[in-house]
Amino acid sequence: MAQMMESIQSYIEAEPKAQYNIIIGTDSLYSEKATSFVTAIIVHRLGKGARYFYHRDTEWVGPSLRQRIFLEASRSLAVGGAVMNYLGKTDHADLSIEIHLDIGTNGDTKDLIREVVGMVVGSGFDARIKPDSFGASKVADRFTR
C-alpha cells in the first residue's frame, strides 16, 4: 500500500495544477470454490487521463449477492479510508474520493441501492452507481477473472 501511495503522490505532483479525482471500486466474481475480489484505485487527472492500481484476493463467500455487494462496498471503504488518511498527511488532503459501487437501477441489485449508498455516504465519501460507477463495473471487473 505504501508503494502505491507514493506512486499516486508522485503522479499528482508531476502536474500539481491539474484537477484530480480519486476513484475506488470493488467487484467480485463468485465461484463455488472461492470468490475473487478486485479493488481498483484510479487517479483521474481530469481531461488528461488516469493511472490505476488494483488488488486481487480470494475468499470463500456464499452465493448471496447481497453479502457480496456489502463486502465489495466494505472493501472499497477500507481502501478509501487508508487513501484518505495517507493524503491527509500530504498537501493533497483536499482531493475528493469517490466510491464506485457495482449496483444499479436495473437488475438484481436495485433493491440494495439505498442501503449501500447510505453506507458509503455515511462514511464520508461520494457514491456512484451504474452507469456512472466505472471504477467497479469496468476497471475492477476487468481483473476478477
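# A guided tour from isoleucine 23 outward

Begin by selecting isoleucine 23 and displaying its surroundings: apart from neighbours within four places in sequence, isoleucine 23 is in contact with Ala40, Ile41, Ile42, His44, Glu98, His100, Phe134 and Gly135. The model on screen is a predicted one. Isoleucine 23 belongs to strand β1, and with a relative accessible area of 1% it is buried. To see how the fold brings distant positions together, draw the C-alpha to C-alpha distance from isoleucine 23 to alanine 40: the two are 17 residues apart in sequence and 7.9 Å apart in space.

**Strand β1 and its two partners**

Extend the selection to the whole of β1, residues 20-29. Of its 10 residues, nine are buried, so the strand is largely enclosed by the rest of the structure.

Now add β2, residues 35-45. The two strands run antiparallel and are joined by 10 bridges; they form a hairpin with five residues between them. A convenient pair to label is isoleucine 24 and isoleucine 41 of β2, which stand opposite each other.

Next, add β4, residues 96-100. Here the direction is parallel, and five bridges join β1 to β4. Asparagine 21 stands opposite serine 96 of β4.

**Completing the sheet**

Select β3, residues 50-59. Strand β3 pairs with β2 in the antiparallel sense over 10 bridges. Isoleucine 41, already labelled, stands opposite phenylalanine 53 in β3. Follow the chain through the hairpin of β2 and β3: it has four residues between the strands, and glycine 47 takes a positive phi near 80°.

On the other flank, select β5, residues 126-128. Strands β4 and β5 pair in the parallel sense over three bridges, and the bridge partner of histidine 100 in β5 is arginine 128.

With these strands displayed together, in what order do the five strands lie in the open sheet? The order is β3-β2-β1-β4-β5, with mixed pairing. Strands β3 and β5 stand at the edges with a single partner strand each, so one side of each has no neighbour in the sheet. Viewed across the sheet, neighbouring strands are turned by 20° against each other on average, ignoring direction.

**Helix α2 on the sheet**

Add α2, residues 65-88. This helix packs on the sheet, where it touches β1, β2, β3 and β4, and its direction makes about 150° with that of β1. Helix α2 has 24 residues and reaches 34 Å from first C-alpha to last, close to the 34 Å expected at 1.5 Å a residue.

Colour its buried residues, among them Arg68, Ile69, Glu72, Ala73, Leu77, Val83 and Leu87. The buried residues of α2 pack against α1, β1, β2, β3, β4 and α3 (113-122).

Within α2, centre the view on serine 76. Is this residue buried or exposed? Serine 76 is buried, with a relative accessible area of 1%. Not counting residues up to four places away in sequence, serine 76 touches Ile24, Gly25, Thr26 and Ile99.

**Helix α1 and its two sides**

Move to α1, residues 2-14. The helix has 13 residues and spans 18 Å from its first C-alpha to its last, close to the 18 Å expected at 1.5 Å a residue. Select its buried residues: Met4, Met5, Ile8, Gln9, Tyr11 and Ile12. They cover an arc of only 160° around the axis, which places them on the same side of α1. The buried residues of α1 pack against β1, β2, β3 and α2. Rotate the view to the other side of α1, where Ala2, Gln3 and Ala14 are exposed.

**Final stop: serine 36**

Return to strand β2 and select serine 36. Serine 36 is buried, with a relative accessible area of 9%. Which residues does serine 36 touch, not counting those up to four places away in sequence? They are Asp27, Ser28, Leu29, Arg56, Asp57, Thr58 and Thr144. Finally, display the distance to threonine 144: its backbone oxygen lies 3.2 Å from a polar atom of the side chain of serine 36.

Conventions. Residues are numbered from 1 along each chain as its sequence is written. This is a predicted model: local features need pLDDT of at least 70, side-chain atom pairs count only at pLDDT 80 or more; totals for chains, interfaces and linings use all residues. Side-chain values use heavy atoms; hydrogens and water are left out. The expected span of a helix is 1.5 Å times one less than its number of residues. Buried means under 20% relative accessible area, exposed over 50%, partly exposed in between (1.4 Å probe, protein chains only). The arc is that of the directions from the helix axis to the C-beta atoms. Contact means heavy atoms within 4.5 Å. A polar contact is a pair of N or O atoms within 3.5 Å; within protein, one must be able to donate a hydrogen and the other to accept it, and residues adjacent in sequence count only if both atoms are side-chain atoms. Two strands pair if DSSP finds at least two bridges between them. Axes are lines fitted to C-alpha atoms, for helices over the stretch in contact, and angles run from 0 to 180 degrees between N-to-C directions.
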